[in-house]
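Here is my note on this model. Please read it with the coordinates open.

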Amino acid sequence: MSTAVCPYCRGPISPETEGVVVCAGCGTSHHNDCYAENGGCTVFGCSAAPAEEPKLSVSGSDLARANAGGMSVSAAPASVIRHSSILGWDAMQGSPAAPEPAV
């Protein structure tokens with residue numbers, strides 16, 4: 001008998017696990033906290049998955065200015081600032097806001 005795995009955190013879900021929610025859309029088990037943090041099911045295409053987030057849009061001129069070093073994080077378009085941690089842009093620019101690497 002195998003143990004189910006939460007698709008959000010990849011942690012085990014066993015019969016003894018408390019706080020399990022079964023998705024009404026696809027029947028996939030999640031930890032309750034994982035389901036809540038994601039805002040719904042984590043299975044792609046599931047009807048109970050959260051609404052899709054807006055896509056990041058950066059123009060060619062924004063990239064050219066950033067690559068030329070003429071743009072600071074504070075002068076970046078709002079969409080770049082919101083997604084800078086995903087892109088790793090803060091770390092590339094040597095910003096003090098960049099997270100410390102894990103040891």
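The points below run from the overall fold to single residues, then to the cysteines and the pocket.

1. Status and fold. This is a predicted model. The chain holds 5 helices and 4 strands. Along the sequence, the order is β-β-β-β-α-α-α-α-α. The strands thus come before the helices in that pattern.

2. Burial and contact range. The chain has 103 residues, and 21% of them are buried. Take the contacts between residues at least 6 apart in sequence: 16% of these join residues at least 24 apart.

3. H30, position. Is H30 buried or exposed? H30 counts as buried because its relative accessibility is 0%. The residue sits in strand β4, which spans residues 29–31.

4. H30, polar partners. Two partners deserve a look. The H30 side chain reaches the backbone oxygen of T28 at 3.2 Å. The side chains of H30 and T42 are joined by a polar contact of 3.1 Å. Please check the protonation and tautomer you assign to this histidine against both pairs.

5. H30, surroundings. Which residues does H30 touch, beyond those up to four places away in sequence? The set is C6, P7, I13, G19, V20, V21, C23, Y35, C41 and T42. Three cysteines are among them: C6, C23 and C41. T42 thus appears both as a contact and as the side-chain polar partner.

6. H31. The next residue, H31, is also placed in strand β4. H31 counts as buried, because its relative accessibility is 15%. Apart from neighbours within four places in sequence, H31 contacts C6, C9, G11, P12, I13, T17, G19 and V21. C6, I13, G19 and V21 also occur in the contact set of H30.

7. V20. This residue lies in strand β3, residues 20–22. V20 counts as partly exposed, because its relative accessibility is 34%. Outside the four-place window in sequence, V20 is in contact with I13, S29, H30 and N32. S29 and H30 belong to strand β4, so strand β3 meets strand β4 here through V20. The C-alpha atoms of V20 and C6 are 9.3 Å apart, with the two positions 14 residues apart along the chain.

8. Cysteines. How many disulfides does the model have? The count is 0. C9 is in none, and the nearest cysteine sulfur, that of C34, is 3.7 Å away. C23 is in none either, and its nearest cysteine sulfur, that of C46, is 3.5 Å away. The cut-off is 2.5 Å, so neither pair qualifies.

9. Cysteine exposure. C9 counts as partly exposed, because its relative accessibility is 42%. C23 is buried, at a relative accessible area of 4%. C23 is also one of the residues that H30 touches, and C9 is one of those in contact with H31.

10. Largest pocket. The volume is about 250 Å³. The lining is N38, C41, T42, V43, F44, G45, A49, P50, A51, E52 and E53. By class, that gives 6 nonpolar, 3 polar and 2 charged residues. C41 and T42 line this pocket, and both are touched by H30.

Note on methods:
Residues numbered from 1 in each chain as written. Predicted model: local features only at pLDDT ≥ 70, side-chain atom pairs only at ≥ 80, totals over all residues. Heavy atoms only, no water. 1 Å grid on protein atoms, 1.4 Å probe; cavity = no way out; pocket = protein on both sides within 12 Å on 5 of 7 lines; lining within 4 Å. Points joined across faces, edges and corners; volume = space filled by probe spheres on them. Nonpolar A, V, L, I, M, F, W, Y, C, P; charged D, E, K, R; others polar. Buried < 20%, exposed > 50% of the residue type's maximum accessible area, 1.4 Å probe, protein only. Helix = DSSP H or I, 4+ residues; strand = E, 2+ residues; numbered from the N terminus. Polar contact = N/O pair within 3.5 Å; in protein donor to acceptor, adjacent residues only side chain to side chain. Contact = heavy atoms within 4.5 Å.
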